[in-house]
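User: I'd like a close look at one part of this model: the place where two helices cross. Could you set the scene with the overall fold and then walk me through that packing and its surroundings?

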Amino acid sequence: MSVAEIFKLHGESFFRKKERLSSKKQLVVSTGGGAVVRDVNWDYMQKKGIVVWLDVPLEALAQRIAAVGTHSRPLLHYEDGDPYTKALKRLSYLLEQRGKNYAKANARVSLEEIAGKLGYRDVSDLTPTEIAIEALEQIEVYLKEEDGMAIAGL
């Protein structure tokens, strides 16, 4: 079942209760933005790994979502207007609700900062490789800190 189908049939609360993180080791887990709303998920991520916040400007996210439609994003159907406006309004609301949790991440990868460093006008010009390199650099910074060294077992 897709996330949209689960939300439609059972609701967001059901989905969040069933959301689980893997107990396997040495994984990169890309969660949805809502994974941080449940303390159990947040606690697990913090205990078992390094949490990286991929900070993408809301306008860029809204453009991406509008390009493919909001049908696969159940939480983005609540606003009126064209797909971009609907997505931007709802994403702004969700960031207000979740921003404090995102800010608890061990490392933050800001696409705006990467674009600025590389001289790009738009974050959509960034390649996955450029973003991954920045993520690794931010993780390295975190690991050099005393707390990060302990978490990594170094």
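Analyst: Sure, fold first. The chain has 8 helices and 2 strands, and going along the sequence they come in the order α-α-α-β-α-α-β-α-α-α. Keep in mind that this is a predicted model. Of the chain's 154 residues, 32% count as buried. If you take the contacts between residues at least 6 apart in sequence, 50% of them join residues at least 24 apart.

Now the crossing. Two packed helices are described by the angle between their axes and the distance between the axes. Here the pair is helix 6, residues 111–118, and helix 7, residues 128–144. Their axes are 11 Å apart and the packing angle is about 110 degrees. Angles from 65 to 115 degrees count as roughly perpendicular, so helix 6 is roughly perpendicular to helix 7.

Who does the touching? On the helix 6 side, the contact is made by L111, I114, K117 and L118. Helix 7 brings E130, I131, E134 and E137. Sort those residues by type and you get 4 nonpolar, 4 charged and no polar.

While you're on helix 7, have a look at L136, which lies in that helix. Is this leucine buried or exposed? L136 counts as exposed because its relative accessibility is 60%, and the cut-off for exposed is over 50%. L136 also has a partner to check in V109: the two are 27 residues apart in sequence, but C-alpha to C-alpha they are 9.3 Å apart in space.

Next to V109 in the numbering is R108, and that one is worth zooming in on. The charged end of R108 sits over the ring of W53, 5.6 Å from the ring's centre. As for ring-on-ring pairing, the structure holds 1 aromatic pair.

For another helix pairing, go back along the chain to helix 4, residues 58–68. L58, A60, A62 and I65 are buried there, and the buried residues of helix 4 pack against helix 5, which covers 83–102. Just after helix 4 comes G69, with a positive phi of about 95 degrees.

So, back to your crossing: what you have is helix 6 roughly perpendicular to helix 7, with 4 nonpolar and 4 charged residues making up the contact.

Technical notes. Residues numbered from 1 in each chain as written. Predicted model: local features only at pLDDT ≥ 70, side-chain atom pairs only at ≥ 80, totals over all residues. Heavy atoms only, no water. Axes fitted to C-alpha atoms, helices over the stretch in contact; angles between N-to-C directions. Helix = DSSP H or I, 4+ residues; strand = E, 2+ residues; numbered from the N terminus. Parallel < 35°, antiparallel > 145°, perpendicular 65-115°, else oblique. Contact = heavy atoms within 4.5 Å. Nonpolar A, V, L, I, M, F, W, Y, C, P; charged D, E, K, R; others polar. Phe/Tyr/Trp six-rings, centres within 6.5 Å; stacked < 30°, edge-to-face > 60°. Lys NZ or Arg CZ within 6 Å of the ring centre and 35° of its normal. Buried < 20%, exposed > 50% of the residue type's maximum accessible area, 1.4 Å probe, protein only.
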